[in-house]
Amino acid sequence: MKIAVIGSTHAGTAAVTNMANMYPEAEITVYEKNDNVSFLSCGLALYVGGVVEDPQGLFYSSPEQLRSLGVTMKMQHAVQEIDTACKQIKALNLVTGEEVSDSYDKLVMSTGSWPIIPPIDGIKLDNILLAKNFNQANTIIEKSRDVKHVTVVGAGYIGVELVEAFQQAGKKVTLIDGVDRILNKYLDQEFTDQVEKAFIDRGVELRLGETVTRFEGENTVEAVVTNAGRVETDLVIMCVGFRPNTELLKGKVDMLPNGAIKVDDYMRTSDSDILAAGDCCAVKYNPTGKAAYIPLATNAVRMGTLVARNLMEPVMKNVGTQGTSGLHIYDLNMASTGLTETSAQAAGIHVKSVTISEKHRPEFMPTAEDVLLKVSYLPESRKIIGAQVLSKADVTQSINTLSVCIQTGMTIDELGFVDFFFQPHFNQPWNFLNKAGLAAAETRKPELV
Ligand SMILES: Cc1cc2nc3c(=O)[nH]c(=O)nc-3n(C[C@H](O)[C@H](O)[C@H](O)COP(=O)(O)OP(=O)(O)OC[C@H]3O[C@@H](n4cnc5c(N)ncnc54)[C@H](O)[C@@H]3O)c2cc1C
């Protein structure tokens, strides 16, 4: 059995390590165009900000480690063609320029994603950078060392993490986004207001609701022009989202309109000999029950592992995702799962929400921090559909609990009476998750007869 794997960051590395253990007799070959595997992009902003000093800590595997499992590692090899009818691939050795051909019985597609580069005038100027892989992280560090003013375009979680890193490194920082609030895909306004305030208090310039129309400069970027003004700057980081890397299979397997490969519950594409995992795929999004594009490392490692389990026959189903994510900006801890009110509205789904605002533990303790929790549910079935939390205390694990509630179809009323522990170091006698359930039940009191 010949297995070819294209791409080995999170999805690929998870698939390869599991397949090497499960099928020791298989001939596994990995094609990876980079010179490394398993780079944790989640540490990129921390590396740029100097929190992570030793970049080796940002890798949890290596080509040598995978070779020691009996895998053939074709590093710095870019796959350029896949002939799905003849089950052949062609790759280019990026070091020697040599072309390599290979055949496969099963193909694992884990080619991930690439940052979107919008076709804006001047986008090719020097010092307009992307933030995805290890080489780009090193370029950002090198180019930002002596600059004064950094502009980040895109206020998603990667953009805001970089803004924090540059501000803490003493740079003047501008954050631009076409939408009028930051993190608008993950959190509703009452949450993002607090994070925006944290940036403004530290002197970060927020230019929200502004669209970049062009970049100016001779060879190197000197200014960003928006529909509302002009910002002189020395360095720009583009963080406006990702697109799946799936050109190789275009027209050969089913995809969403954005090019994300459609997989079934067992990670099989519409070609029975090709399985796919990670950022190159769509995922089953439980809050809507539809396929969605949610590029996260968490989805990638689970899907990669499922590829190995289901390679020969469908044995383990993907339970889908809630797009659960967490973020730490300055002293604020926040996390969200499933739909926000904003995203529900955009999807045309009517939701009701309860908001709990209280101290995370009794006020007799030396410290007690404010917690803001919002849980959204479907008015008819009363099933929980999304949740968000923000606090200076780290209560983000509560969002993982609510992710389980969404996945298992729990109602908001059931949440009111779930057994959670109480201990004054950690929480209140009535856990704030219970309180959300009880508050929702308040709205439907039985009539006295
Ligand atoms: C700055 C940043 C921070 C992030 N933080 C988080 C976080 O905190 N939590 C979280 O869950 N997610 C986070 N993510 C998202 C996460 O990094 C991605 O979801 C994850 O990397 C996806 O893994 P993947 O293996 O599917 O794809 P990728 O990481 O995109 O890897 C794909 C691999 O395929 C290779 N490849 C592509 N085409 C070819 C080809 N033709 N031939 C050979 N090789 C090829 C690429 O070189 C690459 O190594 C972050 C992303 C970024 C950029």
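In this predicted model, strand β10 (residues 149–153) and strand β11 (residues 172–177) run parallel and are joined by five bridges. A pair of residues helps to locate this partnership on the structure: Val 152 of β10 stands opposite Leu 175 in β11. Strand β10 is mostly covered, with five of its five residues buried. In a regular strand, side chains point alternately to one face of the sheet and then to the other. The two faces of β10 can be followed in turn: His 149, Thr 151 and Val 153 lie on one side, Val 150 and Val 152 lie on the other, and all of them are buried.

A second pairing offers a contrast in direction. Strands β14 (residues 223–226) and β15 (residues 229–232) pair in the antiparallel sense, over four bridges. Together β14 and β15 form a hairpin, and two residues lie between them. Within this hairpin, Ala 223 has Glu 232 in β15 as its bridge partner.

Attention now turns to the ligand. A shell of 33 residues surrounds the ligand, and the closest of these are Thr 9, Glu 32, Lys 132, Asp 279 and Leu 296. By residue type, the shell divides into 16 nonpolar, 13 polar and four charged residues. Several elements of the fold take part: α1 (10–22), β2 (27–32), β4 (77–83), α5 (157–168) and α7 (297–309) each supply at least two residues of this shell.

Individual atoms of the shell can also be picked out. For Thr 9, a polar side-chain atom lies 2.7 Å from an oxygen atom of the ligand. For Leu 296, the atom concerned is a backbone N or O, placed 3.2 Å from an oxygen atom of the ligand. Ala 297 likewise places a backbone N or O atom 3.0 Å from an oxygen atom of the ligand. Taken alone, the ligand exposes 1,000 Å², and the protein buries 91% of that area.

Among the side chains of the protein itself, Lys 374 is a helpful one to inspect. Lys 374 is found in strand β24 and is buried, with a relative accessible area of 3%. The side chain of Lys 374 has polar contacts with two acidic residues, Asp 188 at 3.0 Å and Glu 341 at 3.2 Å.

Two loop residues are notable for their backbone angles. Lys 87 has a positive phi of about 55° although it is not a glycine. Its place is in the loop between β4 and β5 (88–93), where Lys 87 is partly exposed, with a relative accessible area of 24%. Leu 183, also not a glycine, has a positive phi of about 50°. This leucine is found in the loop between β11 and α6 (189–201). Leu 183 counts as buried, at 1% relative accessibility.

A further loop position is Thr 367, between β23 (352–359) and β24 (370–377). Thr 367 is partly exposed, with a relative accessible area of 41%. The C-alpha atoms of Thr 367 and Ala 393 are separated by 9.7 Å, while the two residues are 26 residues apart along the chain.

The cysteines complete the picture. A disulfide is a covalent bond that links the sulfur atoms of two cysteines. The structure holds zero disulfides. For Cys 42, which is in no disulfide, the nearest cysteine sulfur is that of Cys 239, 15 Å away. Cys 42 is exposed, with a relative accessible area of 54%. Cys 281 is in no disulfide either, and the nearest cysteine sulfur, that of Cys 280, is 4.0 Å away. A disulfide would need the two sulfur atoms within 2.5 Å. Cys 281 is buried, with a relative accessible area of 2%.

Technical notes
Residues numbered from 1 in each chain as written. Predicted model: local features only at pLDDT ≥ 70, side-chain atom pairs only at ≥ 80, totals over all residues. Heavy atoms only, no water. Near = heavy atom within 4 Å. Polar contact = N/O pair within 3.5 Å; in protein donor to acceptor, adjacent residues only side chain to side chain. Areas by Shrake-Rupley, 256 points an atom, 1.4 Å probe, with all protein chains shown as cover. Nonpolar A, V, L, I, M, F, W, Y, C, P; charged D, E, K, R; others polar. Buried < 20%, exposed > 50% of the residue type's maximum accessible area, 1.4 Å probe, protein only. Pairing = 2+ DSSP bridges.
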